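This report looks at a single protein chain, moving from its overall form to a handful of individual residues. Please keep the sequence and the model in view while reading.

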Amino acid sequence: MITTEFVPGAPAWLELGSSDEAAAAEFYGAVLGWGYHPVDSPGGGVFTCGGLAVAGHVSAQAASWTVHFAASGPGAAPRLTDPHGADVGVWMAEAGTPSGAGLGAVSSPGSLTWLELHSPAPSASAAFYRALFGWEIELIPGAPGQFLRPAGTGPGRMFGAIVADTQAFWLPYFEVADVDQAAASAPVLLAPHDLDDVGRIAVLVDPFGARFGVMRSVTTESLPKS
């Protein structure tokens with residue numbers, strides 16, 4: 001599970017790169033109910049849900065989501081590209097802040113709840129990220145992919161998986177109360193469907209071409225639909 005305890009190797013921040021800050025704010029406000037607060041840097045800002053930070057925005061010509069993982073010490077590069085072409089960030093807590101001012105909400109409606117690394121070479125990707133972040137990687141009988149958690153944590157801290165694909169990219173999933181409603185508000189790459197012991201999911205694309213997923217997890221089935 002993704003939490004705001006940003007132990008080394010845990011997801012701690014994510015950013016949308018797009019060429020139109022205002023249009024991105026309008027789109028994600030409609031689909032995920034997010035607010036948006038610009039910051040001083042041109043095209044930069046923070047998406048919020050319930051007043052808590054759930055993602056950032058940066059100006060970029062090529063649209064994509066970039067996930068940043070917590071680092072254990074100083075000196076790490078803030079952003080890099082893995083051997084297969086997926087962008088990834090290395091995040092370090094700001095000095096003097098209790099949580100490092102990372103994501104304010106996760107695993108709740110409107111926030112990050114799961115991650116997938118799509119890769120044309122899953123085993124090579126697993127080796128690269130294990131060396132970079134020290135992740136523990138495991139296989140689950142009957143489930144596709146290689147599942148990920150920060151080093152030294154138990155199964156309850158699993159935050160994502162590496163899955164086979166022809167391209168390399170990180171795909172964030174955001175928790176929503178109603179997957180079908182979210183999918184009706186955006187172009188659909190993978191139609192809403194149920195996964196046993198996971199929940200209901202869909203994969204969508206924003207107006208700039210950035211892919212993202214939505215999920216109603218089995219852990220939130222007691223929540224009312226909006």
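What percentage of the 226 residues in the protein chain do buried residues make up? Buried residues account for 48% of the 226, where buried means under 20% relative accessible area, exposed over 50%, and partly exposed in between, with a 1.4 Å probe and protein chains only. The model is predicted, so that local features need pLDDT of at least 70 and side-chain atom pairs count only at pLDDT 80 or more, while totals for chains, interfaces and linings use all residues. Residues are numbered from 1 along each chain as its sequence is written, and side-chain values use heavy atoms, with hydrogens and water left out.

**Overall form**

The protein chain contains three helices and 15 strands, these being DSSP runs numbered from the N terminus (helices are H or I of at least four residues, strands are E of at least two). Its radius of gyration is 16 Å, close to the 17 Å that the globule rule gives for 226 residues, so the chain is as compact as a globular protein of that length; the radius is taken over C-alpha atoms, and the rule is 2.2 Å times the number of residues to the power 0.38. Along the principal axes, the C-alpha atoms fill a box of roughly 45 × 40 × 35 Å.

Of the contacts between residues at least 6 apart in sequence, 57% join residues at least 24 apart, a contact being heavy atoms within 4.5 Å. The accessible surface of the chain comes to about 10,100 Å², and 57% of it belongs to carbon and sulfur atoms; these areas come from the Shrake-Rupley method with a 1.4 Å probe. The chain carries 8 positive and 21 negative side chains, with the centres of the two sets 6 Å apart; Lys and Arg count as positive and Asp and Glu as negative, whereas His and the chain ends are not counted.

**Individual residues**

W34 is found in the loop between helix 1 (21-32) and strand 2 (35-38), and it is buried, with a relative accessible area of 6%. Leaving aside neighbours within four places in sequence, its contacts include F47, C49, W65 and F174. G110 is also one of the contacts of W34, and the side chain of W34 reaches the backbone oxygen of G110 at 2.6 Å, a polar contact being a pair of N or O atoms within 3.5 Å, of which, within protein, one must be able to donate a hydrogen and the other to accept it, and residues adjacent in sequence count only if both atoms are side-chain atoms.

R216 belongs to strand 15 (residues 211-217) and counts as buried at 4% relative accessibility. A polar atom of the R216 side chain lies 2.7 Å from the backbone oxygen of A177.

G134, in the loop between helix 2 (122-133) and strand 9 (136-138), counts as partly exposed at 31% relative accessibility. Not counting residues up to four places away in sequence, G134 touches Y129 and A151.

Two loop residues other than glycine have positive phi values, as listed here.

| Residue | Phi | Loop | Relative accessibility |
|---|---|---|---|
| S107 | near 60° | between strand 7 (87-91) and strand 8 (112-119) | 17%, buried |
| D197 | near 65° | between strand 13 (188-195) and strand 14 (199-205) | 75%, exposed |

Terms used
The place of a charge is taken as NZ of Lys, CZ of Arg, CG of Asp or CD of Glu.
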